[in-house]
Amino acid sequence: MDETAVRDRLRTVEDPELGDDIVSLGLVNEIDIDGEQVDVDLALGAPYSPSESDIAAAVREVLTDAGLEPDLTASVPDRDDLTAEEQVLPNVKNVIAVASGKGGVGKSTVAVNLAAGLSQLGARVGLFDADVYGPNVPRMVDADEPPMATEDETLVPPEKYGVKLMSMAFLTGEDDPVIWRGPMVHKVITQLTEDVEWGHLDYLVVDLPPGTGDTQLTMLQTMPVTGAVIVTTPQDVALDDARKGLEMFAKHDTVVLGIAENMSTFACPDCGGEHDIFGSGGGEAFAEEHELPFLGSIPLDPAVREGGDGGKPTVLKDGDGTSDALRTITENVANNTGIVHRQAISQSRRSEPTSPDR
């Protein structure tokens, strides 16, 4: 079987989110045939996302049914237009910023559970606590081991739940306040990303401080952010501030992967009723209003607070409605990350002259 015949087989595999087959979309990077062995490199950029795992499984199935032995790899082609600033973290495939317009909406909770959930899927994950003024990620994952320093004066991040960690909390006293102006924040944020031995990561989750200040601007100007997750509660006050965060990402041409609603319905364990303490459906309506994906709702559950204080991310629990909700958000973030990459690749390749085999 030659390459043309293999591509014809692959045309039967649909991308469920982009609505066309993977060959027409330009998602097949390379095909190498040696007898019955077929090596196929696919343009998939979100490791362990359920959608991209399904696409890969479908590719294996159609090639196996044809009597071939498929060996699949995945890579996003390098872009030629990357600036020097975008070359930081070259071994990190995806940088996911978790943001909120205001404090107290559970942004760090979402960031911690997202990182742990991605690791649970099998991905290589880092978590950078960029909230320099109120770093609390180490407590939320029960990590008290500080980073080690190498001879080259770089930092080796500690690891918990399969996630590599970096936080300002590792470098200051437990009760020491951080009182810095913008230039100092810029310098430290840059050092805690570029001078850290992150290694090869599929995802680096960045827990941003609330608001739209110096830290956010530094991250957006110096790091290759794949996309952002905006966390809000259903109430109007939180949604008003979420709009400011949305505008900030728009001004920096950063893709918003979706809206996560925290502290939604509270299921009362005593009376059995449900109570919308912070309102209902605000996050989903906000996403619809701005034509953004809605990632899901996290109920107002004491278990989430207990998990954060006790250092055990709720997403890792089994058979629990709240952990299921956090896993749904994790999977949606991974899926939407893949869509961002596949859309960009498809648009780029469809604008190129078409070869006879494509």
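**Exercise 1. Locate the residues that UniProt lists for "binding site", and classify Gly103 and Gly106 by accessibility.**

Solution. The unreviewed UniProt entry lists Gly101, Lys102, Gly103, Gly104, Val105, Gly106, Lys107 and Ser108 for "binding site". UniProt positions are given in the numbering used here, feature names are shortened, and annotations may be inferred rather than shown by experiment. The model is predicted: local features need pLDDT of at least 70, side-chain atom pairs count only at pLDDT 80 or more, and totals for chains, interfaces and linings use all residues. Residues are numbered from 1 along each chain as its sequence is written, and side-chain values use heavy atoms, with hydrogens and water left out.

Step 1. Gly103 is placed in the loop between β6 (95-99) and α3 (107-121). Helices (H or I, at least four residues) and strands (E, at least two) are DSSP runs, numbered from the N terminus.

Step 2. Gly106 is likewise in the loop between β6 and α3.

Step 3. Buried means under 20% relative accessible area, exposed over 50%, and partly exposed in between (1.4 Å probe, protein chains only). Gly103 has a relative accessible area of 40% and is therefore partly exposed. Gly106 counts as buried because its relative accessibility is 16%.

**Exercise 2. Identify the residues of the negative surface patch and place Glu151.**

Solution. Step 1. Asp and Glu count as negative, Lys and Arg as positive, while His and the chain ends are not counted. In a patch, residues have over 30% relative accessible area and no salt bridge, and like charges are joined within 9 Å. A salt bridge is a side-chain nitrogen of Lys or Arg within 4 Å of a carboxyl oxygen of Asp or Glu.

Step 2. The negative patch is formed by Glu151, Asp152, Glu153 and Glu197.

Step 3. Glu151 belongs to the loop between β8 (148-149) and β9 (155-156). Its relative accessibility is 83%, so Glu151 counts as exposed.

**Exercise 3. Describe the setting of two non-glycine residues with positive phi, Asp142 and Met263.**

Solution. Step 1. Asp142 has a phi near 55° and lies in the loop between α4 (137-140) and β8. With a relative accessible area of 46%, Asp142 is partly exposed.

Step 2. Met263 has a phi near 60° and lies in strand β14 (residues 256-264). Met263 is buried, because its relative accessible area is 17%.

**Exercise 4. Place Glu288 and state its separation from Ile259.**

Solution. Step 1. Glu288 is in helix α8 (residues 282-289), and at 63% relative accessibility it counts as exposed.

Step 2. Glu288 and Ile259 are 29 residues apart along the chain, and their C-alpha atoms are separated by 9.7 Å.

Terms used
Patches are made of residues with over 30% relative accessible area and no salt bridge: like charges are joined within 9 Å, nonpolar side chains (Val, Leu, Ile, Met, Phe, Trp, Tyr) within 5 Å. Accessible areas come from the Shrake-Rupley method with a 1.4 Å probe; for residues, only the protein chains shown count as cover. The place of a charge is taken as NZ of Lys, CZ of Arg, CG of Asp or CD of Glu.
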